[in-house]
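Hi,

Here is the structure I promised to pass on. Have a look at it, and then read on for what turned up.

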Number of protein chains: 2
Amino acid sequence: MDAPTEFTELKERLAEVSDLGRTGRLLFWDQQTKMPPGGAKARAEMIGTLSKIVHTKFIDDRVGELLESLRSYEESLDYESDEASLIRVTRLDYEKARRVPTELRAEMSASASRALPVWNQAKQDSDFGALLPFLTENMELRKQYVACFEPADEPYDVLLDDFERGMKTAEVREVFQTLKDELLPFIAECFDRADKVDTSVLEGHFDPDKQLDLSKFVLDRFGFTAERWRLDYTAHPFASGTSTGDIRLTTHRRENDLNTLFATMHEFGHGVYESGVAPELERSPLGSGVSLGLHESQSRMWENLVGRSMPFWRFLYPRLQQTFPSHFGNVDLEQFYGAINAVRPSFIRIDADEVTYNFHVILRFELEQEILAGMDLATLPEAWNTKVKEYLGVDVPDDAQGVLQDMHWSGGHIGYFPTYSLGNVISVQIWERAQEAIPDLYDQFERGEFAPLREWLRENLHRHGRKFTPQETLEKVAGAPIDARPYVRYLKQKLGEIYGISVPAAV
Amino acid sequence: MDAPTEFTELKERLAEVSDLGRTGRLLFWDQQTKMPPGGAKARAEMIGTLSKIVHTKFIDDRVGELLESLRSYEESLDYESDEASLIRVTRLDYEKARRVPTELRAEMSASASRALPVWNQAKQDSDFGALLPFLTENMELRKQYVACFEPADEPYDVLLDDFERGMKTAEVREVFQTLKDELLPFIAECFDRADKVDTSVLEGHFDPDKQLDLSKFVLDRFGFTAERWRLDYTAHPFASGTSTGDIRLTTHRRENDLNTLFATMHEFGHGVYESGVAPELERSPLGSGVSLGLHESQSRMWENLVGRSMPFWRFLYPRLQQTFPSHFGNVDLEQFYGAINAVRPSFIRIDADEVTYNFHVILRFELEQEILAGMDLATLPEAWNTKVKEYLGVDVPDDAQGVLQDMHWSGGHIGYFPTYSLGNVISVQIWERAQEAIPDLYDQFERGEFAPLREWLRENLHRHGRKFTPQETLEKVAGAPIDARPYVRYLKQKLGEIYGISVPAAV
């Protein structure tokens, strides 16, 4: 069947919405990287106007009419075709977008805009009370948002769906239960053996310019090219861009640790996912990564599975030693490798190691459900601190290092946090398939070769964009639904070797 | 009278159009300065979609209804009020925008997009024949554009009006006739006395980084602050920005001359005009400079009336000597001042001195009128070369240095060129008023003080934005309609001193 004119019209409308979405991303990127501070007021107005137009254009009645008229065309098509996928995914996006009144959307956005600067100050002052009324407003609006949708198994399902479509709270809970059962005792063992690893080699002053040069060297090896990528500094690293040919990473300038490099590798993972979406999906709702969980699987893969692996450091360590001879000239590779993988309690999620990181996430996931269930928000700091003590064994010294550390809740984002750990879990499921497909993967890393991994990921994951659901996408690339066991195996084996903990053959 | 709800609605609609316009400027700025080359295709799509939406929103029937319903409100207001000005200027913008069918607009834009890359190649190959069919198409479309409007005194009036609203071709002709009468003989005298000025001191290699540092030093003195401005490199310098708090200049990287500094001062003039528009006019059609002529008066003022003046160089020359000691250590200020003001024949407009520059413009103005009158475009190179010989006394060696040097015609812009010389003329009319208001202006320059000039310009010109017509604006700041005589006086006095030509007391 030839594509009906309604399909052409739909595609053209969606292409315009996509162009405006890309433009919005550029407004944000510029705001974070290049804009003089004096441009802030105008920028907020520009972003506000653009968001409104994008939304209005997308929820237009005509889009619904077109989708309706295309049902028989859709049925005539192969499920996996670009055309069927476009109609199917757009229909779901449209139905979700239409459920939320424009006024509520505006109110949520305004409430978040009010709360974020208050959060910023409250964090500086470690003053949760200042944020409380704003947080309360955000959360009330989120409950109204949930009420816009058909009742789900659990209210949290509705919020989670915005970031990991189709994922149920119960599934996340099961995954996280496995992590708790398996990793909490393991973490305790690592903590007991803290003296096995000397992290003092990572202390000192590291010239930020040299860190940037090293990061660029690694990016070049990974597949960054000036033709299609850029790298800039920001306080909080992120990945953005306007198309597969214009990918923009940012990293942070650090003086007292090596985190520029790890942050850069993390953002490369996000960027390379977007760069690998099939060009024919661009300018459509299918032209980006499918979910936050899958996205985070890619960033965590390049940061940790590649960037904190022994083969990678066999390749890079001589250059690191040359770059910082007074720090590492007399440190052997094994000692360095132990230090960058050390399992240590920490208060701040983004400073956490690969293992404890998940418990920073799990505690937020559990608190978010309590919040939705009606928890008195005044008790949130206490509940937070209790969980940190339970999971990480440490006493939170103040709310700045506790409940106030992340901006997500002040920005109104509930249901977002779990995707960080889902990404970890998924990354190893995919990794095991990549290792099967490329048996000499680690030998390649030792030689500084990363193109085969990147191209395998492109072929098996990145190119699909949003054509399929996150679950379908995971099945395609990993051959199985979400499963925490490979991730637990990976952590126990890697950290077991470092800490001298014998690990059973299989979990 | 309280503002009627229609006024509020109009303002809100215009604010959105303005936000999208600012966004379009950012897309262009980013494209020229930061975008990886691989983003080109997506960027063209983004700009195309945004332009279409801006235009559609502005020419909406509802805007016309609102303007119509606001006639009695407008009449109740003071002519100079922001409200009356907004209605008046928007009505004129709207009537002009509605006259041109969307298809013709799209065709003009597409034709220019086709012609520009061909021009680029044709210039490299010095092959006018390759460009001819594309130029012919551009010009035919321009004639169709002219036909959309009520017949004017001359067809050229319609095109000129897009860049200098209200200006008539006959007025420009009169101004340019004065320049021809007065300056052509004067230029001949300067050429005869070429040995009075030694320009060889400007030859050599000038470290681009040092030129940039010097340019930034000057910008800081002029009023550039990191809070509200940026400076980047591009092949062709320009000024842009998104608001009075976000002004973005670009300059070019030069090795074989000092043009980074002069280009930077030029763009500062454009930028400071936009930065000085009254904040209450922002987010409306009134929130920018009023015309290209007035804009160019500001860029040429900071480049030439300030930046090529003796008092300015009394301030800066010691620093220039320190920056480039091997070039200028043994060159006295008078010699340097003569060199940067030397009157010399040249083929390329943007390399021309203050005096001959105008004849590069006048010849294009005259040719454009012949084109509209039906000239055979195949004869354009010959006609060009004849005029260069007549006005500047030199033989054009090839079309790359002749008719192919500028992109304007290939971009479809006819009626734009005259504003370059109108800017020169206007700049001195304003300058004379500034000198009356600030009697020690030149003493201030010698001390490196430029804020009083900048603030006088803001108060008397910049803040008005587009509230008034270019003619009304000129009357406000200069107290007179356009008049070439002050400019001629200025040139003859300045260059007369340098070349030892005695000048009559008044023109």
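To start somewhere specific: does R433(B) count as buried, partly exposed or exposed? At 25% relative accessibility, R433(B) counts as partly exposed. Its salt-bridge partner is E436(B), with the closest N and O atoms 2.6 Å apart. E436(B) counts as exposed, at 52% relative accessibility. The two sit three residues apart in helix α18 of chain B, so about one helical turn separates E436(B) from R433(B). Before going further, please keep in mind that this is a predicted model.

Now for the two chains and how they go together. A turn of 180° with a shift of 0.0 Å along the axis lays chain B on chain A, and the RMSD is 0.0 Å. That is the relation of a two-fold axis. Both copies use the same surface, as 100% of the contact residues of chain B recur in chain A. Each side is counted as well: 35 residues from chain B and 35 residues from chain A take part in the contact. Between them, chain B and chain A bury about 2900 Å², with 60% of it on carbon and sulfur atoms.

There is plenty of charge to look at here. Ten salt bridges are counted between chain B and chain A, and one of them joins R22(B) to E45(A), whose closest N and O atoms are 2.9 Å apart. Polar contacts across this interface come to 14 residue pairs, with both residues at pLDDT 80 or more. On the side of chain B that touches chain A, at least two residues each come from α1 (5–33), α2 (40–58), β1 (229–233), β2 (239–243) and β3 (246–251) of chain B. That side of chain B is made up of 13 nonpolar, seven polar and 15 charged residues.

Next, the salt bridges more widely. Over all chains, the structure holds 100 salt bridges. One to find in chain A is R22(A) with E282(A), where the closest N and O atoms are 3.9 Å apart. This pair links distant parts of the chain, 260 residues apart: R22(A) is in helix α1 (residues 5–33) of chain A, and E282(A) is in the loop between α11 (259–275) and α12 (292–306) of chain A. R22(A) counts as buried, at 3% relative accessibility.

Another pair in chain A is R99(A) and E150(A), whose side chains meet in a salt bridge of 3.4 Å, N to O. R99(A) lies in helix α5 (residues 82–99) of chain A and E150(A) in the loop between α7 (128–147) and α8 (155–161) of chain A, so this salt bridge ties together parts that are 51 residues apart in sequence. R99(A) is partly exposed, with a relative accessible area of 35%, while E150(A) is exposed, with 53%.

Two residues are worth a look for their backbone angles. Most residues other than glycine have a negative phi. R283(A), though not a glycine, has a positive phi of about 60°. R283(A) is found in the loop between α11 and α12 of chain A and is partly exposed, with a relative accessible area of 22%. The other is S126(B), with a positive phi near 50°. S126(B) lies in the loop between α6 (102–125) and α7 (128–147) of chain B, and its relative accessible area of 26% makes it partly exposed.

Finally, a couple of histidines in chain B. H408(B) is in the loop between α17 (380–392) and α18 (418–437) of chain B. At 10% relative accessibility, H408(B) counts as buried. Apart from its neighbours within four places in sequence, H408(B) is in contact with R349(B), H413(B), Y416(B), F417(B) and Y420(B).

H327(B) is in helix α14 (residues 325–328) of chain B. A polar atom of the H327(B) side chain lies 2.8 Å from the backbone oxygen of H205(B). Leaving aside neighbours within four places in sequence, the contacts of H327(B) are E203(B), G204(B), H205(B) and F206(B).

Over to you!

How values were computed:
Residues are numbered from 1 along each chain as its sequence is written. Chains are lettered from A and ligands numbered from 1 in the order in which they are written. This is a predicted model: local features need pLDDT of at least 70, side-chain atom pairs count only at pLDDT 80 or more; totals for chains, interfaces and linings use all residues. Side-chain values use heavy atoms; hydrogens and water are left out. Copies are superposed by least squares on the C-alpha atoms of residues with pLDDT of at least 70 in both. Contact means heavy atoms within 4.5 Å. Buried area is the accessible area (1.4 Å probe) that two parts lose on being put together, summed over both. A salt bridge is a side-chain nitrogen of Lys or Arg within 4 Å of a carboxyl oxygen of Asp or Glu. A polar contact is a pair of N or O atoms within 3.5 Å; within protein, one must be able to donate a hydrogen and the other to accept it, and residues adjacent in sequence count only if both atoms are side-chain atoms. Helices (H or I, at least four residues) and strands (E, at least two) are DSSP runs, numbered from the N terminus. Ala, Val, Leu, Ile, Met, Phe, Trp, Tyr, Cys and Pro count as nonpolar, Asp, Glu, Lys and Arg as charged, and the others, Gly among them, as polar. Buried means under 20% relative accessible area, exposed over 50%, partly exposed in between (1.4 Å probe, protein chains only).
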